[in-house]
Amino acid sequence: MPTIRFLLADGAELAVEAESGRTLMETALENSVPGIIAECNGSAACATCHVVLPEDIMSALGPISEHENDMLDFAEAPREPGSRLSCQIRVSDALDNVSVRIPAA
Amino acid sequence: MSEAVKVVDDVAFEDLLANPYPVFKRVRDLGPVVKVEAANIMMVTRFDDIMAIERDPETFSSVNPQSLLNTVIGPNLMRKDGDDHARERAAIDPSLRPGVVKRCWADPMRVICDDVIAQIEHKGEAELFEDLAAPIAARALADILGFDGVDWRTMALWSQSLIDGSGNYSHNPEIARKAKKAASGVESAVDRMLPHHRDIPNPSMLSSMLQADPPQTVEQIYANIKVAIGGGLNETRDSILTLILGLLQNPDQLARIRAEPLLWGQAFEEAVRWISPIGMYPRRLTRDVEISGMLVRKGEQVGLCVGAANHDDRRFSDPEKFDVFREKKSHLAFGAGSHFCAGTWVSRALVSQIVVPTVFERLRNLRLKDPDRVRIRGWVFRGPTHMPVIWDV
């Protein structure tokens, strides 16, 4: 099981075991990761599950849909090059030990 | 052994319409699920319970073929789940995404807002429901749907008639007749508009539905355009009025926001938390399940009272108070889960970035004409219904 390292807005790190195939957002909710609200529960409609990933793993995660791309510009914290909606990312070995930062709103 | 669901039988329907919040508070404190006889529904009123329910659509389904909503407007995305819902939602989202709102709709919405204000500006007084909020909400919606040339009063009549018909539990024949007339009016308008949108693809909702993969059928278009009319006009209108009302009653907050315009967004979120335009929507249980220890049986319907959840004092301190500067927390005014309001981003832009800031800028020293004459009404749908104001000319 991959380990995800959530880097919280206050600087603390929360490492959790994640189940492959679940989304990063689901993993965050199941582990009560602060800052992931996910109002729309994975529909990419609310932009409240914004995370920032290291840029070098972006390509391993596949392309961003037009819809997610639009939403990311309107998340509360400003968009960064590694920004994604965590509900649109499936946990896989590519994310093992990767730092997933929750940007400060 | 699970506790029996408590019943509230001493509340009149009129009490709910006049002010549901005292009832909501009583029900919230009584238990996680409470049957309210006057509304003939089991209410779920606590924030955390509703959030948990909306994360479990397989148990708490939106599917309800027998619902009045389906009868009045046809099978539509609000009463579907899973892939059926997702496909229909994806067919309208390209018109409603925040970036599309900014690029395609903000300018026409500004034109509408300026035009409506120009018609009242010189008068020094107005009734904001009829003279401002309703025409702006209706005209903006007509643009976004692709209903060119449909006048705002027709849009408003359709919206009200469809909403009334969907809540016509007493089977009043006059309400049913009006709803049917509105439905056929919308269908004729769709028929008239479709060739244009087929020929010239554009960002409107009608065009998005035709461009979707697979393109939506005419039946899907009829039904979901009716949902958009019933769900996109009154709520926007009500939130315009609620935000103006909250700020007129709290001039100190208004002054801070005007000094720091980035706060308009926050002010809007507080307004829809304070008086949520949609107060309740139903879900049907697909299995026996406990809601915070209270057993509810398969097949039963529960009313998720988001208006009540937005006043849950377990989450919000002094919930009855309009306070733009309260501790920041998410609310449920747009619902939650996959049915999260599709028009959220349109309403945020229209109400908090365009209409309300412009109203306070153009109508100098705006104030309530008579605070006692402001009327607020409704519980499933709630908002100011009468708001006379004056300003300096």
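## Two strands to start with

In which sense do strand S4 and strand S6 of chain B pair? Strand S4 (residues 60–61) and strand S6 (residues 281–285) pair in the antiparallel sense, and 2 bridges hold the record of that pairing. Within S6(B), look for Arg284(B): it is the bridge partner of Ser61(B). Keep in mind as you look around that this is a predicted model.

## Following the strands along

From S6(B) you can step on to strand S9 (residues 301–304) of chain B, since S6(B) and S9(B) run antiparallel and are joined by 4 bridges. To find the spot in the structure, pick out Pro282(B), which stands opposite Gly303(B) of S9(B).

Gly303(B) is worth a second look. Gly303(B) is also the bridge partner of Met43(B), and that takes you over to strand S3. Here the direction changes: S3(B) and S9(B) pair in the parallel sense, over 3 bridges.

## A hairpin

Now for S3(B) and its other partner. Strand S2 (residues 33–36) and strand S3 (residues 41–44) of chain B run antiparallel, with 4 bridges between them. Met43(B) turns up again in this pairing, as the bridge partner of Val34(B).

S2(B) and S3(B) form a hairpin with 4 residues between the strands. One residue to click on there is Asn40(B), which takes a positive phi near 55°.

## A helix with a bend

Time to leave the strands. Helix H16 of chain B covers residues 344–362, which makes 19 residues. How far apart should its ends be? At 1.5 Å a residue, H16(B) should span 27 Å, and its end C-alpha atoms are 26 Å apart, so the two values agree.

H16(B) does have a bend, though: about 35°, at Val351(B). As a handy rule for viewing any α-helix, there are 3.6 residues a turn, so residues three or four places apart point the same way.

## The whole chain

Zoom out, and chain B has 16 helices and 13 strands. Its C-alpha trace spans about 65 × 50 × 40 Å along the principal axes. Is that chain compact or spread out? A compact globule of 393 residues would have a radius of gyration near 21 Å, and chain B has 21 Å, so chain B agrees with the compact picture.

What share of the residues count as buried? For chain B that is 48% of the 393 residues. Finally, take the contacts in chain B with a separation of 6 or more: 70% of them are between residues 24 or more positions apart.

Notes:
Residues numbered from 1 in each chain as written. Chains lettered and ligands numbered in written order. Predicted model: local features only at pLDDT ≥ 70, side-chain atom pairs only at ≥ 80, totals over all residues. Rg over C-alpha atoms; globule rule 2.2 N^0.38 Å. Buried ≥ 20, exposed ≤ 12 C-beta atoms within 10 Å, placed from the backbone. Contact = placed C-beta atoms within 7 Å. Expected span 1.5 Å × (residues − 1). Bend = angle between axes of the 7 residues up to and from the residue. Pairing = 2+ DSSP bridges.
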